[in-house]
Amino acid sequence: MGMPIPSFAVAAHPLIQHKLTLLRARETSTGEFRRLMRELGFLLGYEATRDLPLTDAEIETPLERARLPLLAGKKLCLVAILRAGAGLADGMLELVPSARVGHIGLARDHDTLAAVEYYLKLPGDLPERDVILVDPMLATGNSAVAAIARLKECRARSLKFICLVAAPEGVAQVHRSFPDVPILAAALDRGLNEHGYIMPSSATPATACTGRSSYRASSRRRCRAAARRSSSSAANLSRCSGVNVASRDRVAFTASC
């Protein structure tokens, strides 16, 4: 699924830029933030799928039979990096409701900025599907690189990474590790501050979407718990088991691709 744009591109559509500015505003409410996130997911999904392959199929119209274009092969798989990626993926699902869905839970350790995996659930037929990986922020690039590495390990047929806001440092990190993975963003911001946050950026999407303000502390707890689980259970996990998407509410350290 080659992208007919450079390996990094900004979606400059006026509606995308307008809605992103509204989403960035400090006074934007939690409910409005969620709505804007879904709408931006829909619009970015439109941009990201403009090169999907087509095939002709014979159908019956009200007046006659005709050969008309339909999407070729198996449909997309949308993979959200939890927590915040789920909001973007929901918007994309309105555009392609037949897409399969996967989730990768990655917690950012705010001391080291490393990404720690705590959840994985992917469709079993990933090698036959084109994957769009979504996360609102591409900051250091550590979470994106970890998620892309996992999807490549599971032999995804092709990959694109979609985000709302990217930092130059994150784009460079992804391209150093995976130069073949195209990135589409709604904006390329100035850069990272001393804490690894994108400037000027917006509210932290996971916090804004859930209305919680304790993301830093909960993220640390998830990192510690994930590290304990991974060290004790990694040897016994069976990857590539073909288990399909489970409930979003059940967070467990699970590997299935």
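Which elements do the buried residues of α3 pack against? The views below take up this question and others, using a predicted model.

**View 1. The whole chain, in outline.** The protein chain carries seven helices and 12 strands. It has 257 residues, and 51% of them count as buried. About 12200 Å² of the chain is exposed. Carbon and sulfur atoms supply 53% of that area. Among contacts with a separation of 6 or more, 68% join residues 24 or more positions apart.

**View 2. Helix α3 and its surroundings.** The buried residues of α3 pack against α2, β4, β5 (100-108), β7 and β9. Eight of the 11 residues of α3 are buried, so this helix is largely enclosed by the rest of the structure. The buried residues are Gly85, Ala86, Gly87, Leu88, Ala89, Gly91, Met92 and Leu93.

**View 3. Val134 and its contacts.** Neighbours within four places in sequence are left aside here. Val134 then touches Val79, Ala80 and Ile81. Its contacts also include Gly85, Leu88, Ala89 and Met92. Ile162 completes the list. Gly85, Leu88, Ala89 and Met92 are among the buried residues of α3.

**View 4. The largest nonpolar core.** This core holds 35 residues. Which of them touch the most other members? They are Leu23, Leu44, Ile132, Val134, Ile162 and Leu164. Three helices are among the elements that give two or more residues: α1 (14-24), α2 (30-48) and α3 (85-95). The strands that do so are β4 (77-82), β7 (130-134), β9 (158-166) and β10 (183-188). The largest share, seven residues, comes from α2. Another core lies apart from this one. That second core has 29 residues, including Leu120, Leu122, Ala144 and Ile183.

**View 5. Helices α1 and α2, side by side.** How do these two helices run relative to each other, parallel or antiparallel? Their axes come within 10 Å and cross at roughly 155°. An angle over 145 degrees counts as roughly antiparallel. The two helices α1 and α2 are therefore roughly antiparallel to each other. The crossing of α1 past α2 is left-handed.

**View 6. The contact between α1 and α2, residue by residue.** On the α1 side, the contact is made by Leu15, Ile16, Lys19, Leu20, Leu22 and Leu23. On the α2 side stand Phe33, Leu36, Met37, Glu39, Leu40, Leu43, Leu44 and Glu47. Leu23 and Leu44 appear again from View 4, where they are among the residues touching the most other members of the largest nonpolar core.

Note on methods. Residues are numbered from 1 along each chain as its sequence is written. This is a predicted model: local features need pLDDT of at least 70, side-chain atom pairs count only at pLDDT 80 or more; totals for chains, interfaces and linings use all residues. Side-chain values use heavy atoms; hydrogens and water are left out. A nonpolar core is a set of buried Ala, Val, Leu, Ile, Met, Phe, Trp, Tyr and Cys residues joined through side-chain atoms within 4.5 Å. Buried means under 20% relative accessible area, exposed over 50%, partly exposed in between (1.4 Å probe, protein chains only). Helices (H or I, at least four residues) and strands (E, at least two) are DSSP runs, numbered from the N terminus. Contact means heavy atoms within 4.5 Å. Accessible areas come from the Shrake-Rupley method with a 1.4 Å probe; for residues, only the protein chains shown count as cover. Axes are lines fitted to C-alpha atoms, for helices over the stretch in contact, and angles run from 0 to 180 degrees between N-to-C directions. Angles under 35 degrees count as roughly parallel, over 145 as roughly antiparallel, 65 to 115 as roughly perpendicular and the rest as oblique. A crossing is left-handed if the near helix is turned anticlockwise from the far one by less than a right angle, and right-handed if clockwise.
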